[in-house]
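Subject: Structure handover

Hi,

Here is the structure I promised to pass on. Please open it alongside this note.

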Amino acid sequence: MTTLAQVQFHERSGDSCIARNDFCPGWIVDHFDRYTDPLLQHIFLTVTAVACGFAIAFVLALVARRRHWLNGPILGVTGVLYTLPSLAVFFLLLPITGRGNTTALIALTAYTLQIIFRNIVTGLENVPAEARDAGIGMGLTDRQLLWRVELPLALPDVIAGLRIATTTTVGLATLAVFAGAGGLGEQIVTGSNITFKTGVVAAGGLAVLLALALDMVLLGVQRVLTPWRRARPA
Amino acid sequence: MMHLPLAFLSDFGDAIDFILHTREAQTGTVQVGGLAEVLDFTWEHIKVSGAAIGVACAFAVPVGLVLGHAGKGELLAISISNVGRAVPSLALIAFFVAYLGVGFTNVTLALVLLAIPPILTNTYVGVRQVDPDVIDAARGMGLSPGEVVRRIELPLALPSIFGGIRTSAVNVVATATIAPLAGVLTLGDFILSANVYGQDGRLAGAIVVALLALFVELAFATLQRVVTPRGLTLRDP
C-alpha cells in the first residue's frame, strides 16, 4: 500500500519527500481517502463500546443505589476489568469469541465500566439532601425522584465520566487492529507502516482529533441537557 | 455443542503448558516457551516499565510539588492529563519508532511521556487539597517554605501522588506489551509474534501480561495505603 502511494505521489508532483521518509503534510491531504474507512470503523468501535459501557454501568449504579453493600464488589470487579491490558484481553477472548468486532467491543466496553460507574455513583451521592427533601416533600415517588431530581443534578458528573471513558477508548481502539477489528491502528502497525513517518502522524493525529471532537460533542450534550447551569446573571 | 466449552479450556491448558515447558518454535530449529523464557521476557517488561516510572516520578513529583506549593500553572497541571489521555499509546510508541528509531532508551522515553501526566496532575491536586489552616499553623511555628513542602505538603499529598503513580504504572505495564514493535522484547513478543510462538504462546503471553498488570495494581494499591499518614485515615468517616 505504502509503495503504491509513493509511486502515485511521484507521478503527480515529482517530490521525493515520501521517498526520503520525511514528514509530508501534502501527502496526507492527497491520500486522505485511505483513512476514511479506518476512521469510520474507529468511531463505530468507540461509540458502541462507550454506549454499551454506559448502559451496563447505569444499571449497575441503579442497583448499587438501592443496595449499598453491592458498591464494593462492583468496584472490585470493574476495577479488575479496568486493570487488565486491552491487548491481553483481546487474546484471552480469542479462543471464546474469535477475531473481529465482538472481541474488540467486549474488551473496550469492559474497560469503560469502572470509569462510568464510579462517576454515576459520585453524581448521585453529590445530589444535595435539600433537593431530595424538597422532591419528597412535593410528593414524588422514588422513581420520580430519581428521574426528575437526582439524575438531572448528577448529569455533570455522569458526563464527566463519559468524557474520560470516550477519550480513553479512542486511544485503546487503536489496538483493536490486533483483535482483527481494524480502526486507525491498522494504519500504524500493518506492514512497514510503523516506520512511515507521515502515516504515523496522520493516523495518530486523527485519533487525537477524534478524541477531541467526541469530547466537544459530550460537552455540548451537557450544555443542552443542563440549561439551568448556564442561567447565571451576567 | 457439548464440546464447545471444553475446546476453549484446552486452549488455556495448552497455553499454560507453553509457560511451563519449552517446545520447538513454529519456524522450527529453535526452542521457545518454558519458564526461563517467560521469566526473561517478564524481567525485560519490568525493567522497561520500572525505568519509565522511575524517570517520570523523578520529573513529575518535584514539578507538581513546586507548582502546587506556588499555586501556579493550574491549567497546565490539570489539562496535561486530558491531553495525555487523548494521545493513543500505540501512536506514541509508533511516533518514537518512526522518528527516533527502535531500542530500550526510546521505548523508555515514550513510556515516560505516557507516565508523567497522571503523576503530575495528582501531585498538584494532592498539594492543593492540603488544608490551608494546616499550612498557616506550620508557618506560625516558624517552618520555612521548603520545610512546609517537605514536612507538611508532601506527606499529606502522598496518597494522591501514589494514586497517580499507580495509574501510570498500570498504564505503562499495559503499553510495554507493544514494546516489541520498537525492538524491546517484553512479554508482548509472545503476543505479537504468533508466527514464532504459535497460538499457545500468544495466549500464554496474554495470561502472563494480565497477571503482571493485576500484580502491579495490587502492589501499588497496598503501597498507597501504607504511605497514607495515619492522621488522614483517622479523619475519614
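Below is what I found, starting with chain A as a whole and ending with one helix pair.

First, a caution: this is a predicted model.

**Chain A overall**

Chain A has 10 helices and zero strands. Read from the N terminus, every element is therefore α, in the order α-α-α-α-α-α-α-α-α-α. The radius of gyration is 22 Å, whereas a compact globule of 234 residues would come out near 17 Å. Along the principal axes, the C-alpha atoms of chain A fill a box of roughly 75 × 55 × 20 Å. Of the 234 residues in chain A, 40% are buried. Contacts reach across the sequence too. Take those between residues at least 6 apart in chain A: 72% of them join residues at least 24 apart.

**Helix 5 of chain A against helix 9 of chain B**

This pair spans the two chains. Helix 5 of chain A covers residues 86–97, and helix 9 of chain B covers residues 194–227. Their axes come within 8 Å and cross at roughly 130°. That angle is neither over 145 degrees nor within 65 to 115, so the two helices count as oblique to each other. The crossing is left-handed.

Which residues meet there? From helix 5 of chain A come A:Ala88, A:Phe91, A:Leu92 and A:Pro95. Helix 9 of chain B brings B:Arg202, B:Leu203, B:Ala206, B:Ile207, B:Val209 and B:Ala210. By class, this contact has nine nonpolar residues, one charged and no polar. The charged one is B:Arg202.

Best wishes

Definitions and conventions. Residues are numbered from 1 along each chain as its sequence is written. Chains are lettered from A and ligands numbered from 1 in the order in which they are written. This is a predicted model: local features need pLDDT of at least 70, side-chain atom pairs count only at pLDDT 80 or more; totals for chains, interfaces and linings use all residues. Helices (H or I, at least four residues) and strands (E, at least two) are DSSP runs, numbered from the N terminus. The radius of gyration is taken over C-alpha atoms; the globule rule is 2.2 Å times the number of residues to the power 0.38. A residue is buried if 20 or more other C-beta atoms lie within 10 Å of its own, exposed if 12 or fewer, and partly exposed in between; C-beta atoms are placed from the backbone. Two residues are in contact if their C-beta atoms, placed from the backbone, lie within 7 Å. Axes are lines fitted to C-alpha atoms, for helices over the stretch in contact, and angles run from 0 to 180 degrees between N-to-C directions. Angles under 35 degrees count as roughly parallel, over 145 as roughly antiparallel, 65 to 115 as roughly perpendicular and the rest as oblique. A crossing is left-handed if the near helix is turned anticlockwise from the far one by less than a right angle, and right-handed if clockwise.
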